[in-house]
Amino acid sequence: MKDNPQWLERVIQWAAGQEQEGPEGPEDPERQEFQEYLEYIDAHGYMEFGAYRYMRRRERAALGLDAVTEAIHNPPHQPNPPKPQHRPRRRPGLLRRQLWVYRVLSVGVALCLAVIFTAVALSLPGFGETDVPALNEVAQRYLERGMEETGAVNAVTGLILEYRAFDTFGESAVLFAAAVSTALLLNAPGRRLRNYRGPDPVLSTLGRSLLPVILLFGVYVVVNGHLSPGGGFSGGAVLGAGLILASLVLGEEEMDRLLPQRTMSRATTLALLAYGLMKGYSFFTGANHLGGEIPKGTPGAILSGGLILPLNLCVGVIVACTMYTFYTLFLSREE
Amino acid sequence: MENIPFFSIMLPILSAVVIPFFSKGTWAFQWIRGVQLAVAAASAALLAFLCRAGTYVTYQLGHVPAPWGNQLRAGPLEAVLALSFSLVMVLCLTGGWSDLKRDMPAHRLGSFCLLMQLLYAALLAIVYTDDLFTAYVFVEILAVTACVAVAAKESGRSVVSAIRYLIFSCLGSGLILLGIALLYSITGHLLFSGLGETVAELQASGAYQLPLVVSALLMTLGLSVKSAQVPFHAWLPDAHASATTAASGVLSGLVLKGYLVILMKLMTRVFGRELMVSSHLCDLMFFLGLGGMLFASVSALRQEEVKRMIAYSSSAQISYIFLALGLGSTYGMTAACFQILAHAFTKPMIFLGAGAMIAETGGHYWGELRGAARKMPMGGLTFTVGGLSLCGIPLLAGFSAKFCLAGAALQAGWQMTPALFGLAASSVLNAMYYIPAILVIWGRHGSDTSPIRFTRPAHPQRAAALALLLAANLLLGTAFGPIRTLLEQGVALF
Amino acid sequence: MLEAILQQRYYITAVLLFTIGFVTLFLHPNLLKKIIGLNLMDTAVFLFLAAMGYVEGGVAPMLEEGQEWTAYINPVPGGLVLTGIVVAVSTTALFLALTQRLYRRYHSLNLDEILILARSGEEKH
């Protein structure tokens, strides 16, 4: 064995399950990290849990960490530590085997899924073909009469804000729910903003020159949602990114003064409320055949498409405020 | 009358949106409770109207008619579900309010009420919608709000369970969305009616059979993951046990049922029972249900913590519904609906009763709850009645549901013997964990000889909610005939 | 067979992405990687939907007078993808918020470790 190069020797030892500490043993960064990890786990005293205890003990023995563990588990001033509540009942090594089975099972399930889905993909209507079932009378009407029925040139905007506006309302409500939940989870009363160290000169210069362009472009995308690709969601995302950039350039305290959290949440609420009321009116009159249609205007003009322009504005405000709110909430820190 | 489904979705959403303007959590609470009561009353009126007319109504959302626009659809079954969901929601919030105020800092109560109201709106939208994609969007609202309802309580454990819940829930949504995408690519429809017609044509012509079955399978699996059917139930006990009392009641009484309503709609309106039976998906559901009934009950036997035991029992009760749907017959569907109603009224009652006892004694384990019912007779009484109902004692809701299910099983073919066996075995198992629990809570603590205290309840609202749930349980148990007739009518028009 | 695979290349790619996301979700104990896995799964579905709407030679559905409807791609999958993306963003934000809460408390992103820490009796309720 002496002739073998060092690495081969280690591989053989590893394969035989008797890996010893190599020459660079404690210096190995990975090993050191693992050691620290185990020490940390021991320090937090959750070794008393079932089979995990055995697994860790074997790992510790392999690493020669028992002295550390002993000191932690039986500190000198407490001769009789309280008995653990969860008594280890399972055989040693069971958890490791279960983990192995779990991993093999998940890979197996994934492969099965992949095979089934590939078979499905091959039996689906061909990509790009024109006589597929999805191009039926529903899609035909959206494309043929979409302009006269919604007043929007952009058929996707017409679809989501007129034909299927109820889904879009639900979607805005999901976003609103997510913003409220994130605030509920992260917004502690004593939260403090991160210490602001002053902007980086590159960021500051570039950001200040880009910011107006980005915000203007966002507004353009929102307002032209019914005429060109875009709309409330995409434009709102651009606006939100612009606000985040502004926060990076101007600093959070300045932004907090300009656009406090309260304003943002009020704006979201009001926009969603306005969306609900406008669309509620449209649903109600449509269902009861009361007429009351908003004039559609000339398709292609900026003031056209009935409710679509104000709805896009509402959606844009909701998305921009929500994105910015997520950013500030994730930035804040509990003290 | 036709406007009621629409308003019962819009009103809760809009009322939730204005909550940030309220400065106090209590106002928000009174506000959402008022809206829910109003919706409950409107649903009752709608139910009466639909039963007398013997028909269903559709509601076109917007100016474009159905295959192009979106629509709602309400029959007697939808109205019954909306009515009972509203009532359970109100009673859960009322009964759990005192615990909520204890479990949560005051500035979060408003947000919690907001999320609960959105959850309620999503449930109603799921009940009434006639569009698959709308159902998906509202399923996501349900998932987000339910997850936060778990995490809202201030403890590390509840956040851990919430994140596990969210992982499973996102996995389920991913599967459902994939199923919807597949189904759309072979049919080109999203409305249930259009989907149903196209699927029937596809089945007749024999085209795209594999994508069709895989899509049905994906949606069934996704919905079973979300409703904690047994092999996918890992998230449920922790999530339900670590949430605050009101949230536990709502989660296991209502949220799980919302997903099952979609499954029922898919079975009847889209794929049709023939496809479900011929592709063995019904058999899959039947065996999932059968396995779940036994496995979850055995797991419940081993729990030492009160709420975890109740949560496992929820999983077992969901399995009954899967078993009933797996029979693939109209009787099975009626039995499933009866079980949905019975469980929606029983489980929140048990959770609230247990929550009251836990609040009284401060213990979460059976050992710490010895004699708790003697100090808290109302909580003990509802826990007892709920437990006995789930064991299948006659004149209580659980018995009626089981009776209905047994009747449906007798009409089935080869499923009869395993279904009846599973029903009997799981009832015995239910008794094995509920009866010792009932004995423990009414037992005496050591040498304590004080008589049962019947004092004026400290939280009259909670006592009233418990009493109303108790009455609803007795009503479901005794008025078995009329309710079954109503549900049969509803299933026929579903 | 190969021809079919080539024709359905977008669908096959979506299947691959979905499988990668699925495995990532199940095999990585790290919460952030789980989130990435979930997002991959969602993205796969969006790719599938977007590819499904495509029609050979079709242009984006910016409607013009006098155009035949078959000249455009199908707008419905586009709308569905838009909705799906918003939903995915919302759940991701919630997921990240929960992760941050857990990190503040347990100083770990490893779900197994967090589960054990939470169960170890550090706090019951």
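User: Let's start with helix α2 of chain B, residues 25-53. How far does it reach from its first C-alpha to its last?

Analyst: Keep in mind that this is a predicted model. Helix α2 of chain B has 29 residues, and 1.5 Å a residue sets the expected length. The reach comes out close to that expected value, namely 42 Å.

User: Which residue follows α2(B), and what is its phi?

Analyst: Right behind α2(B) sits a glycine with a positive phi. That residue is B:Gly54, with phi near 65°.

User: Now α10 of chain B, residues 245-278. What does it span between its end C-alpha atoms, and where does it bend?

Analyst: If α10 of chain B were a straight helix of 34 residues, it would span 50 Å at 1.5 Å a residue. The model gives only 42 Å between the end C-alpha atoms. There's a bend of about 100° in this helix too. So much for the numbers: the span is 42 Å, and the bend is at B:Phe271.

User: How many residues of α10(B) are buried?

Analyst: α10(B) has 34 residues and is mostly covered. The buried count is 27.

User: Is B:His280, just after α10(B), buried or partly exposed?

Analyst: B:His280 lies in the loop between α10 and α11 (281-301) of chain B. Its phi is positive, near 65°, even though the residue isn't a glycine. For burial, 20 or more C-beta neighbours would be needed. B:His280 has 13 inside 10 Å, so it counts as partly exposed.

User: What about B:Ala228: is it buried or exposed?

Analyst: B:Ala228 is found in the loop between α8 (209-226) and α9 (236-242) of chain B. It isn't a glycine, yet its phi is positive, about 60°. Most residues other than glycine have a negative phi. Count the neighbours of B:Ala228 and you get 30 other C-beta atoms within 10 Å, so this residue is buried.

User: Which residues, beyond its neighbours within four places in sequence, is B:Ile163 in contact with?

Analyst: B:Ile163 has its place in helix α6 of chain B. It is buried, because 27 other C-beta atoms lie within 10 Å. With close sequence neighbours set aside, its contacts are C:Leu98, C:Thr99 and C:Leu102.

User: How far is B:Ile163 from B:Met416?

Analyst: Along the chain, B:Ile163 and B:Met416 are 253 residues apart. In space, their C-alpha atoms are separated by 40 Å.

User: Let's zoom out to where chains B and C touch. Which element gives the most to chain B's side?

Analyst: The contact takes 23 residues from chain B and 29 residues from chain C. On chain B's side, α5 (132-151) and α6 (156-187) each supply at least two residues. That side divides into 16 nonpolar, five polar and two charged residues. With 15 residues, the top contributor is α6(B).

User: And where chain A touches chain C, which element gives the largest share of chain A's side?

Analyst: Here 54 residues of chain A are in contact with 48 residues of chain C. Elements giving two or more residues on chain A's side include α8 (155-163), α9 (165-186) and α14 (308-331). By type, that side has 32 nonpolar, 14 polar and eight charged residues. The largest share, ten residues, comes from α5(A).

User: Which element gives the most to the largest nonpolar core?

Analyst: This core has 321 residues, and among those with the most contacts inside it are B:Leu118 and C:Leu98. Take B:Leu118: its contacts, leaving aside neighbours within four places in sequence, include A:Ala173, A:Ala177 and B:Ile141. The element that gives the most, with 20 residues, is α6(B).

User: How many helices and strands does chain A have?

Analyst: Buried residues make up 33% of the 335 residues in chain A. Residues 24 or more positions apart account for 74% of its contacts with a separation of 6 or more. As for elements, the tally is 14 helices and zero strands.

User: Last one: what is the radius of gyration of chain C?

Analyst: Chain C has five helices and zero strands. Its C-alpha trace spans about 70 × 40 × 20 Å along the principal axes. A compact globule of 125 residues would have a radius of gyration near 14 Å, but chain C has 21 Å.

Notes: Residues numbered from 1 in each chain as written. Chains lettered and ligands numbered in written order. Predicted model: local features only at pLDDT ≥ 70, side-chain atom pairs only at ≥ 80, totals over all residues. Contact = placed C-beta atoms within 7 Å. Helix = DSSP H or I, 4+ residues; strand = E, 2+ residues; numbered from the N terminus. Nonpolar A, V, L, I, M, F, W, Y, C, P; charged D, E, K, R; others polar. Expected span 1.5 Å × (residues − 1). Bend = angle between axes of the 7 residues up to and from the residue. Buried ≥ 20, exposed ≤ 12 C-beta atoms within 10 Å, placed from the backbone. Core = buried A, V, L, I, M, F, W, Y, C linked by C-beta atoms within 7 Å. Rg over C-alpha atoms; globule rule 2.2 N^0.38 Å.
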